[in-house]
Amino acid sequence: MNYKKIAERRRVALSRSAGGKSVKIHTEGKGIGVVKTLAVGFFILLQLALMLLLFLGVTTSFIWYQLLAMALSLICCIHVLSSEKTGQTKTVWVLFLTVFFYFGYIFYVLSSEYIFFGRARLRYGEIFARTAEYTPEYPRLNDASAQTARDCEYLKTVGGFAAYTNSTLKYFPSGAKLFDDVLEQLEGAERFIFIEFFIISDGLLFEKFFEILSKKAADGVKVRIICDGMGSHGTLSLKNRKRLKKAGIDLRFFNRIAPMFTFALNLRDHRKIIVIDGKTAYTGGCNLADEYINRKRMRGYWKDTGLKIEGGAVGAMSLIFLRQWEFITRAAEDYAPYLSIDNTADAAFGEGIVVPYADGKDYNHGICKGVFENIIAGAQKRLYIMTPYFVPDEDTANLLALKARSGVDVKIILPDLPDKAYVYRVTLDNAERLLSSGVRVFKMSGAFVHAKLMLSESCAYVGSANLDLRSYYNQFENGVYFTSPSAMEEVLRDFEKTLGVCAGITAENAARNRLISRIVAGVLRIFSPLM
């Protein structure tokens, strides 16, 4: 099957679907196994019900409990307001603690990372300390602009991520083109293959991967796969998991869903990484599922993007994967065979700077948020963004408005077709709020935009992180910051081409003009930190 032809047919269909009938699509949340999910949900609700009954029993038996609960909730409110949480998150917690003061403080205590993630953080700390020797040295960037040097210094400081000048990039404007190239490169694998996705799903693309990976495993190539316990819950069948195991392919799940109430359920591995022999790597917005090649479950076009990396920067992608692998398997190993690969000759003509990086609870900083805000702050002429979800915090939103008012050409491309109606309602409301500052917002007609990219006149980002609070604070993400002129030119060309099939949102046609829409968006905004 030629995915490029599929993508082209879907692209042609864009113009036909624009302005026509509404198109229903199915995305990440739709493929979850219904029976298993209901069972897990039932047990979690049962635990919450038992907790509620316990509280009711306590409150009827001890009248003084009300005063104690109010005092403890007040203390928690003071702690929230004095914490480093975002303004939106503080508002949600204070409202929750005030309304549900009987038991709100219990949930607040349980939400502490020291409670639900403390031991995991210690394990990550041990892994990072043990593998610190594999962190590459930071090079001197004599030819970089002052802004780029500051951006690279930030990534070095918060995560030890090195800037590479010996690497090349290739940009893919669709998932079909990305996976065509991936499958071709997999055929040539000789030593190891690392794969990490939020979603791995049964289907044509999986079968293409399995056909190649099973042959490679039989030839002695080490094949390791990580997928998220929620993202791939119900999408990757037990039958195919058994096939992978029988073929000698090592599959591991990050944070499996368990029938137990814990805030750790909200932590997901949203990274997208493929590494082949330590010489070639891929990342972007695509998961390993048929919708990402416009093959399955939709009539609208699925817009996604990806990057191919060759040269020294591939080692950084391997290190990100190996640390997560060690965390999941709890087995320490020697990283040297995977990282001591001389691939600098393959990128002797590398151009610009390439910085692969990761984010998540394994780091102590909101790295994705920092990268986005650095790119926004550094933009002087243009700032182009594609994102499926636009749920930024106040800092990012205010910075975008400031740039637009300063004369920077700020454009944001969003989906025309939502995958999650409640998130989409907040996404549109957030974007429409920026119209008055001069930000221009567009919806890709007849399409769901799943691409995650940001482009200024001096640098660009492509990766797994959305411009939303989940990617900022709850998910394990990865991305690539780069200044490669040729790759940036490809991103710009793709963005401008996509604008050609977009419809602009204006002050006259904005959904915020409807009172009910504004009310619904206002209510949903309260829960935006969880979206």
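**Entry 1: the chain as a whole**

I began with burial, and of the 531 residues of the protein chain, 56% count as buried. I note at the outset that this is a predicted model, and I keep that in mind for every value below. Looking next at secondary structure, I found 19 helices and 20 strands in the protein chain. I then looked up how contacts are spread along the sequence: among those with a separation of 6 or more, 82% are between residues 24 or more positions apart.

**Entry 2: helices H9 and H10**

Two packed helices are described by the angle between their axes and the distance between the axes. I took up helix H9, residues 175–186, together with helix H10, residues 204–218, and found that their axes come within 10 Å and cross at roughly 15 degrees. Angles under 35 degrees count as roughly parallel, and H9 and H10 are therefore roughly parallel to each other. I also recorded the hand of the crossing of H9 and H10, which is left-handed.

Which residues make the contact of H9 with H10? On the H9 side I listed Phe179, Val182, Leu183 and Leu186, and these meet Leu205, Lys208, Phe209, Ile212, Leu213 and Lys216 in H10. Sorted by class, the residues of this contact are 8 nonpolar and 2 charged, with no polar ones.

**Entry 3: helices H7 and H12**

I turned to a second pair, helix H7 (residues 118–130) and helix H12 (residues 314–329), whose axes are 10 Å apart and which pack at an angle of about 130 degrees. That angle makes H7 oblique to H12, and the crossing of H7 and H12 is right-handed.

From H7 I noted Ala120, Arg123, Tyr124, Ile127, Phe128 and Arg130, which meet Arg323, Gln324, Glu326, Phe327 and Ile328 in H12. The contact of H7 with H12 holds 6 nonpolar residues, 1 polar residue and 4 charged residues.

**Entry 4: salt bridges**

How many salt bridges does the count come to? I arrived at 21 salt bridges, and I looked at several of them one by one.

In one of them glutamate 113 is paired with arginine 121, and the closest N and O atoms are 2.6 Å apart. Are these two partners buried, partly exposed or exposed? Glutamate 113 counts as partly exposed because its relative accessibility is 30%, and arginine 121 counts as partly exposed too, at 26% relative accessibility.

Another salt bridge joins the side chains of aspartate 409 and lysine 411, again with 2.6 Å from N to O. I checked the lysine of this pair, and lysine 411 is buried, with a relative accessible area of 9%.

The side chains of glutamate 373 and lysine 369 also meet in a salt bridge, at 2.6 Å from N to O. Both residues lie in helix H14, which spans residues 367–378, and they stand 4 residues apart, about one turn of the helix. Glutamate 373 and lysine 369 are both buried. Following shared partners outward, I found that salt bridges join Lys369, Glu373, Asp393 and Asp395 into one network.

**Entry 5: alanine 69**

I then followed a single residue, alanine 69, which is found in helix H3 (residues 65–81). Alanine 69 is buried, with a relative accessible area of 0%. Phenylalanine 103 is 34 residues away from alanine 69 along the chain, yet their C-alpha atoms are separated by 7.1 Å. Setting aside neighbours within four places in sequence, I listed the contacts of alanine 69 as Phe101, Tyr102 and Tyr105.

**Entry 6: two positive phi values**

Most residues other than glycine have a negative phi, and most peptide bonds are trans. With this in mind I looked up two residues of the opposite sign.

Where is aspartate 277 placed? I found aspartate 277 in the loop between strand E6 (273–276) and strand E7 (280–284). The phi of aspartate 277 is near 60 degrees, a positive value in a residue other than glycine, and at 10% relative accessibility aspartate 277 counts as buried.

Asparagine 294 likewise is not a glycine and has a positive phi of about 60 degrees. Its place is in the loop between E7 and strand E8 (301–303), and asparagine 294 counts as buried because its relative accessibility is 2%.

Terms used: Residues are numbered from 1 along each chain as its sequence is written. This is a predicted model: local features need pLDDT of at least 70, side-chain atom pairs count only at pLDDT 80 or more; totals for chains, interfaces and linings use all residues. Side-chain values use heavy atoms; hydrogens and water are left out. Axes are lines fitted to C-alpha atoms, for helices over the stretch in contact, and angles run from 0 to 180 degrees between N-to-C directions. Helices (H or I, at least four residues) and strands (E, at least two) are DSSP runs, numbered from the N terminus. Angles under 35 degrees count as roughly parallel, over 145 as roughly antiparallel, 65 to 115 as roughly perpendicular and the rest as oblique. A crossing is left-handed if the near helix is turned anticlockwise from the far one by less than a right angle, and right-handed if clockwise. Contact means heavy atoms within 4.5 Å. Ala, Val, Leu, Ile, Met, Phe, Trp, Tyr, Cys and Pro count as nonpolar, Asp, Glu, Lys and Arg as charged, and the others, Gly among them, as polar. A salt bridge is a side-chain nitrogen of Lys or Arg within 4 Å of a carboxyl oxygen of Asp or Glu. Buried means under 20% relative accessible area, exposed over 50%, partly exposed in between (1.4 Å probe, protein chains only).
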